[in-house]
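Me: Please take a close look at one helix of this model and then set it against the rest of the chain. Which parts are covered, and which are open?

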Amino acid sequence: MKGWYTVKTGIKKISAVLCSTVLLAGVAAGCGESGKESKETAAPESSNAAKSPSDPPAKLTVEVFDRGVQGQPDLNNNFWTKYVNEHFGKPNNAVVEYVPVPRSQEVDKLNVLMAAGQAPDISFTYDGTLVTRFAKSDGLYTLDELLESHGQQLKTYLGDNVLDYGKYNDKQVSIPGKRTLLAWNGMFIRKDWLDKLGMPLPTNRDELYETLVAFRDKNPGNVNGVIPWATAAAGMNYTFGNLVQSFWGQMSEEEFVTTPNWLKPGNKDAYKWLNKLYNEKLISPDFALDKTTKQADADVTNGKVGFYAANWDYPMTQKIRVPLKQNSPDAHYVPVDTFKNTEGKYLKEVYNENGIFSFIPKSSKNAELAVKYLNWMADPEVMFFLQFGEEGVHHTLKDGIPQGIAQTGEKMQMSNLNMDYTMIVNGAELGDTEKNVKTYAAALASGDKQYEELAMESYKINTTDGYSSFYYGVPNESNIKYGKTLGDMNKQMVDRLVVAKEAEFDALYDKLVKEYMDAGGKAVQDENVKLYREIKAKTK
């Protein structure tokens, strides 16, 4: 039966599925020989579990993202790392040492560290296919026995649904974080500019086009070098929102789930529209060169940008809102839902219930201690402190909801709710979705009610008409084999198509898509079809 794939949140997905075209993350080359199957591995005899207090302390190394936040303290020596070493390290005769990894280079960096046998005892990534590749090449501990012995609190907190995402060949090879908030991307527009122009919030593509043209031609902010729509190189935080999905035509569930986005009906028209905007100077002129987002961030925070798409919470982050207020005090971004499809829906991809994947490399000598550390983090008091800090210093309580207080120096958080130090959870955790949303909004706003309301509205908009990808339950071996190549090609294709000359667009699109399919896209699609039909046959 033809029609839209059922749109709803909370459907499981696995990274073997091709994600949204603009958002597909590159997967890594892995480590070791890709033909080997992963084997169950017990904790090493050298584990520090048998150490006595008189023995030298074990050193547990833990990855932490370096997000380049202005004014951030030493990521391995600050208020939070001292808390961890005092409350976990000392009781376990251990020292926890954090290993910073640049957020924008985390996949490439992990590949190098894994290949050299130098990855931290607890490493993590958002790229589930990367974890599968490491497991397939026998580079990871299987954790079932360790979780049974030392991870009961962790197992109870995460639950089977979340833990299932960390399995390979029915063995637990990683610990997925529990995602408490499902919104992914959002779109934001300068309301103060619209007000100056006497224009309403755009509700569809045509209205957005008119708005972008007005931003370009009338420059309501009276800025030098106005940028109607800011973005950065493909694969970075700045995206095209749900623009591409708004062009897709009708598909059966099987077509929606298994067809690469490049071949979905309407996908070509989406990029042709973006190409038109670029050639009319409505999009950042050098976006394809901005592979760190530094230029896009600078343009936004200097008040030059009228519209942009990024993570649903991006305008509320300290990284953006603080310099924006300093440089352009009157700037007022609001969330907007402007990419409506032919059925009147604002189709957009949302997250499933798992977040970042933590894993223990085979090279680790502290697998047991690593599981104990993650289990300790699942203690509600520990998790609350790491997320919200000290009452009266990092937050106040109002109706049971922590209200964040911005900090500088060693007490500041380098990521929202310290997500990089609390890898077993993505998002605020107060045990209730409504409370979690309110809490996260308050934490983002740090006492600024305008930003708190902005976060609440953005979350609501960006979970409307949401879908998450189909959960196959088993890895797509073709995606493991070709995923790195396809991920790199995907980003290059987006950038090339958007900046192409209009007269050359059609031929270039067809050429690039053929190259993509020949490079492994067809193999991935065929295997997805096979797996999908096998799953459907079992459920009849």
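Reply:
**Helix α13 and its setting**

Of the 11 residues of helix α13 (residues 367-377), 10 are buried, so the helix is largely enclosed by the rest of the structure. Buried here means under 20% relative accessible area, exposed means over 50%, and partly exposed lies in between (1.4 Å probe, protein chains only). Helices (H or I, at least four residues) and strands (E, at least two) are DSSP runs, numbered from the N terminus. The model is predicted, so local features need pLDDT of at least 70 and side-chain atom pairs count only at pLDDT 80 or more, while totals for chains, interfaces and linings use all residues. Residues are numbered from 1 along each chain as its sequence is written, and side-chain values use heavy atoms, with hydrogens and water left out.

The buried residues of α13 begin with Ala-367, Glu-368, Leu-369, Ala-370 and Val-371, and go on with Tyr-373, Leu-374, Asn-375, Trp-376 and Met-377. The list therefore holds Glu-368 and Asn-375 as well as residues such as Leu-369 and Trp-376.

The nonpolar cores come next. A nonpolar core is a set of buried Ala, Val, Leu, Ile, Met, Phe, Trp, Tyr and Cys residues joined through side-chain atoms within 4.5 Å. The largest one has 68 residues, and Trp-229, Leu-243, Trp-262, Tyr-271 and Phe-307 have the most contacts inside it. Helix α18 (residues 505-539) gives this core its largest share, eight residues. A second, separate core of 48 residues includes Ala-367 along with Tyr-98, Ile-175 and Ile-360. Ala-367 is also among the buried residues of α13, which ties that helix to the second core.

In the largest core, Leu-243 touches Arg-205, Ala-270, Trp-273, Leu-274 and Phe-339, leaving aside residues up to four places away in sequence. Contact means heavy atoms within 4.5 Å.

Another helix can be set beside α13. In α11 (residues 294-301), the buried residues are Ala-296, Asp-297, Asp-299, Val-300 and Thr-301. Their cover includes the strands β8 (227-230), β9 (305-311) and β10 (333-335), and the helix α12 (318-327). After α11 comes Gly-303, with a positive phi near 80°.

Positive phi values also turn up at residues other than glycine. Leu-417 has a phi of about 55° and lies in the loop between β14 (401-404) and β15 (425-426). Asn-418 is placed in the loop between β14 and β15 and also has a phi of about 55°. Leu-417 counts as buried at 4% relative accessibility, and Asn-418 counts as buried at 1%.

Thr-142 gives another buried loop position, at 3% relative accessibility. Thr-142 sits between α3 (128-136) and α4 (144-150). Its C-alpha lies 5.4 Å from that of Gln-172, although the two are 30 residues apart along the chain. Strand β5 (residues 171-172) contains Lys-171, which is partly exposed with a relative accessible area of 31%. Lys-171 and Ala-135 are 36 residues apart in sequence and 9.8 Å apart, C-alpha to C-alpha.

Some helix positions are open. Ala-115, in helix α2 (residues 106-115), is exposed with a relative accessible area of 60%. The C-alpha atoms of Ala-115 and Tyr-532 are separated by 33 Å, with their positions 417 residues apart along the chain. Glu-255, in helix α9 (residues 253-258), is partly exposed at 30%.

Over the whole protein chain, the secondary structure comes to 18 helices and 16 strands. The radius of gyration is 23 Å, close to the 24 Å that the globule rule gives for 540 residues, so the chain is as compact as a globular protein of that length. That radius is taken over C-alpha atoms, and the rule is 2.2 Å times the number of residues to the power 0.38. The C-alpha trace spans about 75 × 55 × 40 Å along its principal axes. Buried residues make up 58% of the 540 residues. Of the contacts with a separation of 6 or more, 81% join residues 24 or more positions apart.
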